[in-house]
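Good morning, and thank you for the time on today's agenda. I would like to take you through one structure, beginning with a local detail and then widening the view.

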Amino acid sequence: MIGKDFFARSVHEVAPDLIGVMLLVGGVGGRIVEVEAYDQEDPASHGHRGRTSRNASMFGPPGHAYVYRSYGIHWCLNLVCGEDGIPEAALIRALEPTGGIAKQRRRRGVDDLRALCSGPGKLCQALGVTRDHDGLPLDRPPLRLEERDALREIVTGPRVGITRATELSWRYGLAGSKFVSRALREGSA
């Protein structure tokens, strides 16, 4: 199981290391195949302009969840990294579903395995992640992260769905995965 020490590093080190890690919420989840990095200097980051009630968990200690609602519709799960008080987090964009697939299908209302977790909002719906998970430690139930079983080929590309700092290649994905939200073809990490 992955503990807090794993996250007590720069998000730019943690984010690519998350590719291939198993993420489970109450035993439901899968292998992480896509993440995005956000740090305190990044104008696209929620923490860039300072602490608010919405982003307070992002400023907390590493190894905790930061969950927020995107566009007032979808929950998004981030894993807090770096140092306590400095807002850095990795947005979990996509999983390859492996555990609790029947439950994921019920929650999402779709049968297509690829459609279950191929985007941050879809992923949270499939795993049952809500604001109630905000601030929870990543090394205690209901959240669990298990180390990847092998090194993976990782590709990078620009982040998705933002309007600032779009030139940064801070999106990391598993090379060749059909479960990523959008194809990554720019370069290798």
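Let me begin with Arg9, which sits over the face of Phe6, 4.8 Å from the centre of the ring. Please keep in mind throughout that this is a predicted model.

Phe6 also takes part in an aromatic pair, its partner being Phe7. The geometry of this pair is edge-to-face, with 5.0 Å from centre to centre and 75° between the planes. In total, the model contains 2 aromatic pairs. Phe7 itself is buried, since its relative accessible area is 1%.

Phe7 leads us to the interior. The largest nonpolar core has 42 residues, and Phe7 is among the members that touch the most others, together with Leu18, Ile32, Leu77, Ile92, Leu127 and Leu145. What does Ile32 touch, if we set aside residues up to four places away in sequence? Its contacts are Leu18, Ile19, Gly20, Val21, Leu23, Ile92, Ala94, Leu95 and Leu145. Apart from this, there is a second, separate core of 9 residues, and Phe59, Tyr68, Cys76 and Val80 are included in it.

I turn now to the cysteines. How many disulfides are there? The count is 0. For Cys117, the nearest cysteine sulfur belongs to Cys124, at a distance of 9.2 Å, and Cys117 is in no disulfide. Cys117 counts as buried because its relative accessibility is 0%. Cys124 is likewise in no disulfide. Its nearest cysteine sulfur is that of Cys76, 5.9 Å away, and the cut-off for a disulfide is 2.5 Å, so the pair does not qualify. Cys124 has a relative accessibility of 1% and therefore also counts as buried.

Finally, the overall picture. The protein has 5 helices and 9 strands. Read from the N terminus, the order of elements is α-α-β-β-β-β-β-α-α-α-β-β-β-β. Of the 189 residues in the protein, 52% are buried. Among contacts with a separation of 6 or more, 60% join residues that are 24 or more positions apart. The accessible surface of the protein amounts to about 8,500 Å², and carbon and sulfur atoms account for 48% of that area.

To close, I return to the starting point: Arg9 over the face of Phe6, and Phe6 paired edge-to-face with Phe7, which is a member of the largest nonpolar core. Thank you for your attention.

Note on methods. Residues are numbered from 1 along each chain as its sequence is written. This is a predicted model: local features need pLDDT of at least 70, side-chain atom pairs count only at pLDDT 80 or more; totals for chains, interfaces and linings use all residues. Side-chain values use heavy atoms; hydrogens and water are left out. Buried means under 20% relative accessible area, exposed over 50%, partly exposed in between (1.4 Å probe, protein chains only). A nonpolar core is a set of buried Ala, Val, Leu, Ile, Met, Phe, Trp, Tyr and Cys residues joined through side-chain atoms within 4.5 Å. Contact means heavy atoms within 4.5 Å. Rings of Phe, Tyr and Trp (its six-membered ring) pair if their centres lie within 6.5 Å; planes under 30 degrees apart count as stacked, over 60 as edge-to-face and the rest as tilted. A charge sits over a ring if NZ of Lys or CZ of Arg is within 6 Å of the ring centre and within 35 degrees of the ring normal. Helices (H or I, at least four residues) and strands (E, at least two) are DSSP runs, numbered from the N terminus. Accessible areas come from the Shrake-Rupley method with a 1.4 Å probe; for residues, only the protein chains shown count as cover.
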